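Visitor: Please take me closely through the aromatic rings of this protein, covering both the charged side chains set over them and the pairs that the rings form with one another.

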Amino acid sequence: MIPPRFEYHAPRSVGEAVALLGQYGSDAKLLAGGHSLLPMMKLRFAQPEHLIDINRIPELRGIREDGSTVVIGAMTVENDLIASPVLQQKVPLLAEAAKLIADPQVRNRGTIGGDIAHGDPGNDHPAISLAVDASFVLEGPNGQRTVAADGFFLGTYMTLLEENEVMVEIRVPAFAQGTGWAYEKLKRKTGDWATAGCAVVIRKGGSGVGHVRIALTNVGPTALRAEAAEQALLDGGFTPATVQGAADAAAAICEPAEDLRGDAEYKTAMAAQMVKRALNAAWARCA
């Protein structure tokens, strides 16, 4: 289908983009990579009267270090995450997980900020951002504010990002020495969304687990942080029994929608399997 008519804008700065959002309000949509918005427009699920293309704003791209924090421009594309020496060294989960997102053609255009801001539970970066304790810098008419990934996702296509704000940066603490990490994703074919996925970041502490984050993809109305699963490992150490307990606790919070990828029971069972795979892979990477 062909989308309805719209007016196209190409701002050259974040301030200009924010001004356009303020001027047109709910009649405007931001265009990043376009892989979510454009299909919705063609199907008439989204009908913005004004399309604000932020691809020509250079300060929204790039990866840099700010002390012990890695800062990623929201318009940085997936292939740049994969190729980044900074991410490979400091937050390797982001570089490796990006290889599992869509296909090479999409990764040349798809952006990390667009993936997060869209609020789709089927997207990969929301769960990954929960696992790495990311925060997001949002810029609006009153300046910038920073919000944690944990709490940013409110529901399907709903986030804390206001309609007059632009996501500017993703900020991620560099992994401490000895951190293990993994992203396990079950999908039907290359380029598909996850049937179920799990991101894990874990570190040893004493004789057990000192730190762990477990987050799930596409098994609820938002990306899910499995806090009870984390606590099972913090309390009981890393053993086959506690890994199974963590998987069971993660499955208990799943509320997947039935679709062509499977019914709720199947998706929940696969989420538990992804948790076990990710935990074991991440633990094996701990120094």
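Guide: A good place to begin is R285, which lies over the face of W181 at 3.7 Å from the ring centre; a charge is taken to sit over a ring if NZ of Lys or CZ of Arg is within 6 Å of the ring centre and within 35 degrees of the ring normal. This is a predicted model, in which local features need pLDDT of at least 70 and side-chain atom pairs count only at pLDDT 80 or more, whereas totals for chains, interfaces and linings use all residues. Residues are numbered from 1 along each chain as its sequence is written, and side-chain values use heavy atoms, with hydrogens and water left out. A lysine is placed over a ring as well: K204 lies over the face of W283, at 5.3 Å from the ring centre.

Turning to rings that meet rings, the structure holds four aromatic pairs (rings of Phe, Tyr and Trp, the last by its six-membered ring, pair if their centres lie within 6.5 Å, and planes under 30 degrees apart count as stacked, over 60 as edge-to-face and the rest as tilted). One of the four joins F136 to F152, edge-to-face, at 4.9 Å centre to centre and with 75° between the planes. This contact links distant parts of the chain, since F136 belongs to strand β6 (residues 135-140) and F152 to the loop between β7 (143-148) and β8 (153-155), 16 residues apart; strands (E, at least two residues) and helices (H or I, at least four) are DSSP runs numbered from the N terminus. Both F136 and F152 are buried, a word that stands for under 20% relative accessible area, with exposed over 50% and partly exposed in between (1.4 Å probe, protein chains only).

F136 also pairs with F153, again edge-to-face, with 6.3 Å between the centres and 75° between the planes. Because F136 lies in strand β6 and F153 in strand β8, this pair ties together parts that are 17 residues apart in sequence. F136 counts as buried because its relative accessibility is 0%, and F153, at 13% relative accessibility, counts as buried too. Taken together, ring pairs link F136, F152 and F153 into a cluster, and F136 takes part in the pair with F152 as well as in the pair with F153.
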